[in-house]
Amino acid sequence: MITGSAVYHVVEAMAPLYTAAALGFASVRWLKAFSAEQCAGINHFVAIYAVPVLIFQMVSTNNPYAMNGRLVAADTLQKAVMLIGLMAWAAWESRSSRRRGSKVSASAASPLQWVVTAFSVSALPNTIIMGVPLLGGMYGPVSKELMKQIVVMQFCVWYNVVIFIYEYMAARRAATAVDGVSAKISPGSPGAETPPEKIAPSANGSAAERAHEVTVNIEITEIVPASTAQKGVTDSTTTALAEEGSTGEDAKAAAAKEEAAPPAPKTAPSVGHIALKAGKKVLKIPNTYASFLGLIWSLIAFKCGIKMPKIIDDSLFTIQTTAVGLSMFASGTFIARQSRFVPCGYTIASMSMVLKFLIGPVVMLFASLAIGMHGTLLHIAVVQAALPLAVTSFVYAEEYKVHADIMSTGVILGIFISLPVTIVYYILLGL
């Protein structure tokens, strides 16, 4: 039975989070202490340094030989079901859009953006900060180690999956942008939007102007495929330099010949190529190194009975303690820069709360029953799924500029709503 002291311990864990968020909000909205660039720098520090060190600390201090197999399996099944279901919806939505002949602009939210956002909201809870004190009051100290195991799986597997999706979308946007520019520029006429007189200066033109035209033509043709780009550079250079002494009629004839060349065919990059590029980017991100180095260290340390040297442990502790506080601070600065307190709107905020506190726990309940869990372990699995959105999810959303408004709302409102919701789940599961 949860006691009044247990509820107080939860409030103790919540208060520092709101203190940091309120300070960030006041610093930007009223004190004007930070600019947008400085706020982005704070978030970048958290994403590049603080969170990876926190990941390493959590993973390296977890005993991989004593993990609860059923809890890990149920947690993995829940997240896999959510992700596969969302990916199936995204594929269906993309296919429907192509059938309707509608084309989504680069600035519009793609189905894949909604996939990563909905998955983060529904399946990545704030397990350590909120889960340990809350579930400790409900089910005793055994829940602390179980919460840590779920966090380790999130850091080692699921956050890397989320980052891969972010990197995939970034690589696809970059490829689409280059393909769009290439489609607008004909390789046979690199100066298509420039009058022929500009492409081939007369003999009276200055050398600086001619050199400028050559540079522009070369830079434009570098965008198109290699085979046509080489031809474009040769033609533009010949037009700019070799025709220097030609008459105006010759220059116009050369330009007309170039314009008559057929445009290069559009070759959109394959999904495999974009995925490979995104995978290479993920391997260079500090989070990936932190999770796998922490896993390697834990396998060695708990097998051989060795401990981290104190000088290294204290150095990492100094940085990791900034992760949660600065994450909430960055969330407060983000809200302060918006025109309203709920930047994503009340409709989307309500839908995200339904995902977080209803769909996520229900899927976890069925996944746990499918694995064969029962009793206290089943109750812990379901209640932890109803914990608020992890602060780290907002950090990544802000870093990649994908629905950061929804993430910040989910973090701030979720912490408020989670306490009564988890108590309701606790009561229902105990009936």
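## A loop with two unusual residues

Let's start with His-403, which is buried because its relative accessible area is 15% (buried is under 20% relative accessible area, exposed is over 50%, and partly exposed is in between, with a 1.4 Å probe and protein chains only). His-403 sits in the loop between α16 and α17, and its phi is near 55 degrees, a positive value in a residue other than glycine.

Lys-401 has its place in the loop between α16 and α17 too. Its phi is also positive, near 60 degrees, and again the residue is not glycine. But is Lys-401 buried or exposed? Lys-401 counts as exposed, because its relative accessibility is 57%.

## What kind of model this is

This is a predicted model, where local features need pLDDT of at least 70 and side-chain atom pairs count only at pLDDT 80 or more, while totals for chains, interfaces and linings use all residues. Residues are numbered from 1 along each chain as its sequence is written, and side-chain values use heavy atoms, with hydrogens and water left out.

So how does the chain score? Its average pLDDT (the predictor's confidence in each residue, from 0 to 100) is 80, and 76% of the residues score at least 70. Among the elements of the chain, helix α14 (residues 346-371) has the highest mean pLDDT, 95, and helix α8 (residues 207-221) the lowest, 40. Over residues 186-247 the pLDDT stays under 50, and for this stretch the model has 64 contacts beyond four places in sequence (a contact means heavy atoms within 4.5 Å).

## The overall picture

What does the secondary structure of the chain come to? There are 17 helices and 0 strands (both are DSSP runs, numbered from the N terminus: helices are H or I with at least four residues, strands are E with at least two). The chain has 431 residues, and 47% of them count as buried. If you take the contacts in the chain with a separation of 6 or more, 86% of them come from residues 24 or more positions apart.

Now for the outside. The accessible surface of the chain is about 21100 Å², and carbon and sulfur atoms own 68% of it (areas come from the Shrake-Rupley method with a 1.4 Å probe, and for residues only the protein chains shown count as cover).

## Rings that pair up

Look for the aromatic pairs: the structure holds 11 of them (rings of Phe, Tyr and Trp, using its six-membered ring, pair if their centres lie within 6.5 Å; planes under 30 degrees apart are stacked, over 60 edge-to-face and the rest tilted). One of them joins Tyr-139 and Tyr-426, edge-to-face, at 5.5 Å centre to centre and 65 degrees between the planes. Tyr-139 lies in helix α5 (residues 127-139) and Tyr-426 in helix α17 (residues 404-429), so this pair ties together parts that are 287 residues apart in sequence. Both Tyr-139 and Tyr-426 are buried.

Tyr-159 and Tyr-396 form another edge-to-face pair, with 5.7 Å centre to centre and 65 degrees between the planes. This one links distant parts of the chain, 237 residues apart: Tyr-159 is in helix α6 (residues 142-184) and Tyr-396 in helix α16 (residues 391-400). Tyr-159 is buried, at 2% relative accessible area, and Tyr-396 is buried, at 3%. Together with Phe-155, these two tyrosines make one aromatic cluster.

## Tucked inside

Helix α15 (residues 375-385) is largely enclosed by the rest of the structure, because 9 of its 11 residues are buried. Among these buried residues are Leu-377, His-379, Val-382 and Gln-384.

Where is Lys-79? It lies in helix α3 (residues 69-100), and it is buried, with just 1% relative accessible area. Apart from neighbours within four places in sequence, Lys-79 contacts Phe-119, Ala-123, Leu-124, Gln-154 and Trp-158.

## Two sides of helix α12

Thr-288 is found in helix α12 and is buried, with a relative accessible area of 8%. Beyond four places in sequence, Thr-288 touches Asn-160, Val-282 and Leu-283.

Ile-300 lies in helix α12 (residues 286-304) as well, but it counts as partly exposed because its relative accessibility is 40%. Ile-300 helps make a nonpolar surface patch of about 760 Å², along with Tyr-65, Tyr-289, Leu-293, Ile-296, Leu-299, Phe-302 and Ile-306. Patches are made of residues with over 30% relative accessible area and no salt bridge, joining like charges within 9 Å and nonpolar side chains (Val, Leu, Ile, Met, Phe, Trp, Tyr) within 5 Å; a salt bridge is a side-chain nitrogen of Lys or Arg within 4 Å of a carboxyl oxygen of Asp or Glu.
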